[in-house]
Amino acid sequence: MSTTGQTLDPLASATSTADPVVPASSVVSGVVDSSHPYYLHPSDYPWMNLVSTVFDGRSYGGWRRAIIALSAKNKLDFIDGTLTIPQIDSGLQRTWARCNDIVLSWLFNSLSMEIGESVLYPQSAKDLWSDLEDRFGQTNEAKLFQLQKELSVVVQGSSTVSTYFTKMKSLWDELDALKTFSTCVCECEYGYKVKNSKAHQDERLLQFLMGLNDIFIGVRKNILLSSPLPSIGQAYSLVIQDEKQREIEDNKHSKNKVKY
């Protein structure tokens, strides 16, 4: 098991039950160095918050993605099951238990009171994570239908472009978290991977443009006439510029009316 440069995805639950291989350079006489998952920094206190918004039963995909903050703490191994309780003769059982309790506390702090009360007695951080995955982490057609339905009716309306785009992007991110779109992972000479990804992005660009108010018909036309179509970020920037320019012109007209 590598103890540095963790690339483990917290969204994938490992099933390994083997005891961790503890490098001699990481643990000496029961003391762990900063490269090992057992290491606790002085700032790693139990009541620390991993995420800005607690999980309340909604948008599980986005919340579980935020739990990747555990990677920065080098503690992902505690929720995927890679790190099990060490052997008695290792002298590391208390060290493991202390780290496990810390990760448990971080996870509890990331849950709403209602969800937290339903998982009060897990034996390990892995048990807690598995419980949440079983209940909320299953992709289902009903959730996909709900997200697609919400996307189909999202329009700018009385919202600013920024608010409208944020709403749409949050729905896209939820869909991505459910892995509803998969790209070609092979490196082929025909470039299908790039083409599929571009087609996917173009589809979302068109969704964004269709929901804009008609006052943006000019900038929308210019974007659609571009070949190839710009990225969503570039299109958003163009629309924002147009919105700001309109605000400046409106302010000028308002000042002129006051003078008269």
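This is a short tour of a predicted model, one selection at a time.

**Start with the whole chain**

Colour by secondary structure before selecting anything. You should find eleven helices and two strands. Follow the chain from its start and the order reads β-β-α-α-α-α-α-α-α-α-α-α-α, so let the strands go by and then settle in for helices.

Now switch on the surface. The protein exposes about 15900 Å², and carbon and sulfur atoms supply 55% of that area. Of the 260 residues, 36% are buried. As for how the chain meets itself, take the contacts with a separation of 6 or more: 67% of them involve residues 24 or more positions apart.

**Next, the salt bridges**

How many salt bridges does the structure hold? There are ten, and we'll visit some of them.

Select lysine 73 and aspartate 44. These two form a salt bridge, with the closest N and O atoms 2.8 Å apart. Lysine 73 sits in the loop between helix H2 (69-72) and helix H3 (77-80), while aspartate 44 is in the loop between strand S2 (31-32) and helix H1 (60-66), so the bridge ties together parts that are 29 residues apart in sequence. Which of the two is buried? Look at the accessibility: aspartate 44 is buried, at 8% relative accessibility, whereas lysine 73 is partly exposed, with a relative accessible area of 24%.

Move on to lysine 167 and glutamate 150. In this salt bridge the closest N and O atoms are 3.6 Å apart. Lysine 167 belongs to helix H8 (residues 161-177) and glutamate 150 to helix H7 (residues 141-153), so the pair links distant parts of the chain, 17 residues apart. Both partners count as partly exposed: lysine 167 has a relative accessible area of 38%, and glutamate 150 comes in at 25%.

For another arrangement, pick aspartate 202 and lysine 198. Their side chains meet in a salt bridge at 2.6 Å, N to O. Here both residues lie in helix H9 (residues 192-210), four residues apart, which is about one turn of the helix. Aspartate 202 is buried at 18% relative accessibility, and lysine 198 is partly exposed at 31%.

**Stay with helix H9**

Select leucine 206, which is also in helix H9. Leucine 206 is partly exposed, with a relative accessible area of 35%. Add Met210 and Leu224 to the selection and you have a nonpolar surface patch of about 300 Å².

**Now the rings**

Show the aromatic side chains. A search of the whole structure finds 13 aromatic pairs. Zoom in on tyrosine 60 and tryptophan 63: their ring centres are 5.7 Å apart and their planes meet at 35°, so this pair counts as tilted. The two residues are three apart in helix H1, about one helical turn. Are they buried or exposed? Both tyrosine 60 and tryptophan 63 are buried.

Keep those two selected and add Phe55, Trp129 and Phe136. Ring pairs link these five residues, Phe55, Tyr60, Trp63, Trp129 and Phe136, into a cluster.

**Last stop**

Finish with phenylalanine 216 and arginine 246. Turn the view until you look down on the ring of phenylalanine 216: arginine 246 lies over its face, 5.8 Å from the ring centre.

Technical notes:
Residues are numbered from 1 along each chain as its sequence is written. This is a predicted model: local features need pLDDT of at least 70, side-chain atom pairs count only at pLDDT 80 or more; totals for chains, interfaces and linings use all residues. Side-chain values use heavy atoms; hydrogens and water are left out. A salt bridge is a side-chain nitrogen of Lys or Arg within 4 Å of a carboxyl oxygen of Asp or Glu. Buried means under 20% relative accessible area, exposed over 50%, partly exposed in between (1.4 Å probe, protein chains only). Patches are made of residues with over 30% relative accessible area and no salt bridge: like charges are joined within 9 Å, nonpolar side chains (Val, Leu, Ile, Met, Phe, Trp, Tyr) within 5 Å. Accessible areas come from the Shrake-Rupley method with a 1.4 Å probe; for residues, only the protein chains shown count as cover. Rings of Phe, Tyr and Trp (its six-membered ring) pair if their centres lie within 6.5 Å; planes under 30 degrees apart count as stacked, over 60 as edge-to-face and the rest as tilted. A charge sits over a ring if NZ of Lys or CZ of Arg is within 6 Å of the ring centre and within 35 degrees of the ring normal. Contact means heavy atoms within 4.5 Å.
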